[in-house]
Amino acid sequence: FLAHDIPAVGYKVFEMRPAPEAATTPEVEHTATVESPYYKVTLDAETGAVRSIYDKQLQRELVNQQSPYRFGQYLYVTGGDKAPNTVLQYSHVYPKADLQIHRASNGSLVSVTRTPFGHVARMESRDTNTPSIATEIQVFDGEKKIEFVEDVDKKDVDSKEAVYFAFPFAMNQPQFQYEVQTGVVDPAKDMYPGAGHEWFSVQHWVSVQEDGISGTVMPLDASLVTLGDINRGEWPEQFGKRPGTIFSYVMNNYWDTNYRAGQGGHFHFHYIVTSSASTNATELSRIGWEEITPLEADIVTTQDKALSLQLRNDHNGNPQYPDAAAQVKLLKMARPLDAKMYSFLHVDDPNVVLETWKTAEDGNGTILRFLDLGGTQRIVAVQSPLLQLNHAWQTDAVERNQTELSLVGDNGFRFAIHPNEIVTIRIVGTQK
């Protein structure tokens with residue numbers, strides 16, 4: 001099932017009960033098209049990828065139908081062995097490598113299954129030195145997103161190689177933007193002279209935007225991307241104008257230093273794809289943090305949540321439980337947390353992410369580290385129902401106290417944050 005609205009830094013409890021009748025087997029459909037309230041997705045079984053994504057809200061096709069690649073298609077690149085060449089080393093005089101792109105093929109549609117949260121399509125394909133590519137595409141009913149899950153079995157070879165997943169959006173000269181650790185970069189205008197324009201390191205997302213539509217890919221397991229084309233050793237001095245294809249650059253062995261000669265085995269990659277009328281960096285960053293920080297599930301039994309009974313032993317060492325009156329008194333004791341759902345820490349600003357909550361390095365209290373996803377300078381209020389706070393300090397990055405913060409009541413504090421700032425705070429208190 002899909003669990004909705006889980007409180008941040010908190011929990012929500014669901015009760016499991018025996019079903020009145022046996023659960024039905026999920027229905028397997030034999031169709032190359034899956035739909036949600038947001039998208040109509042046409043599969044391409046031969047390549048193990050997607051032929052078309054139609055955005056129903058924007059009434060626009062997202063996939064470039066003239067691209068040589070399908071959306072989410074696996075690409076294996078050879079041809080970098082003949083040295084010297086500019087893929088292996090930066091040079092204005094070395095020749096360009098004669099790269100060949102091998103596209104996944106010989107694929108098949110395994111199944112399309114209807115689930116409580118949407119459709120799941122499974123496909124299989126293969127490629128050069130890659131005997132198995134298992135692709136799972138999930139289209140969600142309640143969220144405007146498509147998830148690509150790629151499980152790759154690849155041979156270990158020593159020849160020069162690279163592997164990509166291609167995401168060709170239907171845009172000719174879009175604006176590219178991607179998230180870094182504390183902000184957003186437009187590579188066409190935000191790069192210093194001499195910066196590299198061949199590949200880029202992405203925190204959570206990269207987007208393309210043109211003519212009232214924005215498409216986004218979240219490469220959550222592989223941070224490198226190339227934009228417009230694969231890495232061909234061009235070493236451009238300017239970003240320039242490029243077509244709207246995003247390539248997830250998942251592996252290569254082009255460089256001899258600090259690289260494995262071959263990369264074989266089983267690899268797992270997953271991507272989130274979404275779209276809108278324009279690129280909303282704050283919203284995309286929030287989604288990225290949610291996707292990269294999955295929920296943890298636990299089964300709670302009656303013994304796990306027994307009464308807080310103070311036991312004492314008799315003269316034979318046997319435990320003695322409190323009498324009935326004492327147990328009733330314990331049951332009526334106030335508890336700070338709700339039994340159904342609650343958050344251990346409440347931040348009143350949805351554009352502020354709690355990155356870290358850990359024990360202080362010197363043992364004095366705990367450290368909280370906040371990141372602003374964008375906006376103006378403002379005051380943020382934080383509360384915890386678990387703690388009786390005694391002190392709160394804003395510290396530097398290595399946890400040296402700088403400024404003592406004003407407390408709000410007995411369990412809260414406030415601090416100022418600037419756009420894209422990281423703020424580190426120490427709190428000292430006792431558990432209620």
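How many bridges join strand S29 and S30 in the antiparallel sense? Strand S29, residues 387–395, pairs with S30 over 3 bridges. We'll come back to that pair after a look at the whole chain.

## What you're looking at

This is a predicted model, where local features need pLDDT of at least 70 and side-chain atom pairs count only at pLDDT 80 or more, while totals for chains, interfaces and linings use all residues. Residues are numbered from 1 along each chain as its sequence is written, and side-chain values use heavy atoms, with hydrogens and water left out.

## The chain overall

The chain has 2 helices and 33 strands. Both kinds of element are DSSP runs numbered from the N terminus: H or I over at least four residues for helices, E over at least two for strands. The C-alpha trace spans about 85 × 60 × 50 Å along its principal axes.

Of the 432 residues, 43% are buried. Here buried means under 20% relative accessible area, exposed means over 50%, and partly exposed is what lies in between (1.4 Å probe, protein chains only). About 23,300 Å² of the chain is exposed, with carbon and sulfur atoms supplying 49% of that; the areas come from the Shrake-Rupley method with a 1.4 Å probe, and for residues only the protein chains shown count as cover. Among contacts (heavy atoms within 4.5 Å) with a separation of 6 or more, 63% are between residues 24 or more positions apart.

## A five-stranded sheet

Back to S29 and S30. They belong to an open, antiparallel sheet of 5 strands, ordered S26-S27-S33-S29-S30. Strands count as paired if DSSP finds at least two bridges between them. The edges are strand S26 (352–359) and strand S30 (401–404), each of which pairs on one side only. From one strand to the next, the twist averages 35°, taking axes as lines fitted to C-alpha atoms (for helices over the stretch in contact) and angles from 0 to 180 degrees between N-to-C directions. Across the S29 and S30 pairing, tryptophan 393 stands opposite glutamate 404 in S30.

A salt bridge also involves this sheet: aspartate 362 pairs with arginine 426, with the closest N and O atoms 2.9 Å apart. That pair links distant parts of the chain, since aspartate 362 is in the loop between S26 and strand S27 (366–372) and arginine 426 is in strand S33 (residues 422–431), 64 residues apart. Aspartate 362 counts as exposed because its relative accessibility is 53%, whereas arginine 426 is buried because its relative accessible area is 2%.

## A four-stranded sheet and its charges

Another open sheet, also antiparallel, has 4 strands in the order S3-S4-S5-S6. Strand S3 (33–35) and strand S6 (60–61) are at the edges with a single partner strand each, so one side of each has no neighbour in the sheet. Inside, strand S4 (residues 39–44) and strand S5 (residues 49–55) pair over 6 bridges, and tyrosine 39 stands opposite aspartate 55 in S5.

Arginine 51 forms a salt bridge with aspartate 44, the closest N and O atoms being 2.4 Å apart. Arginine 51 counts as partly exposed because its relative accessibility is 33%; aspartate 44, at 5%, counts as buried. Asp44, Arg51 and Arg70 are linked in a network of salt bridges.

## Other charged residues

The whole structure has 19 salt bridges, each defined as a side-chain nitrogen of Lys or Arg within 4 Å of a carboxyl oxygen of Asp or Glu. One of them sits in helix H1 (residues 281–292), where arginine 286 and glutamate 283 are 3 residues apart, about one turn of the helix. Their closest N and O atoms are 2.3 Å apart, and glutamate 283 is partly exposed at 34%.

Aspartate 127, in strand S10 (residues 118–127), is buried without a salt bridge; arginine 103, the nearest side chain of opposite charge, is 8.1 Å away. For charge, Lys and Arg count as positive and Asp and Glu as negative, while His and the chain ends are not counted. Beyond its neighbours within four places in sequence, aspartate 127 has contacts including Tyr74, His102, Arg103 and Ile133.

Lysine 155 lies in the loop between strand S12 (146–154) and strand S13 (162–168) and is partly exposed at 47%. With neighbours within four places in sequence set aside, lysine 155 touches Asn129, Pro131, Gln263 and Gly264.
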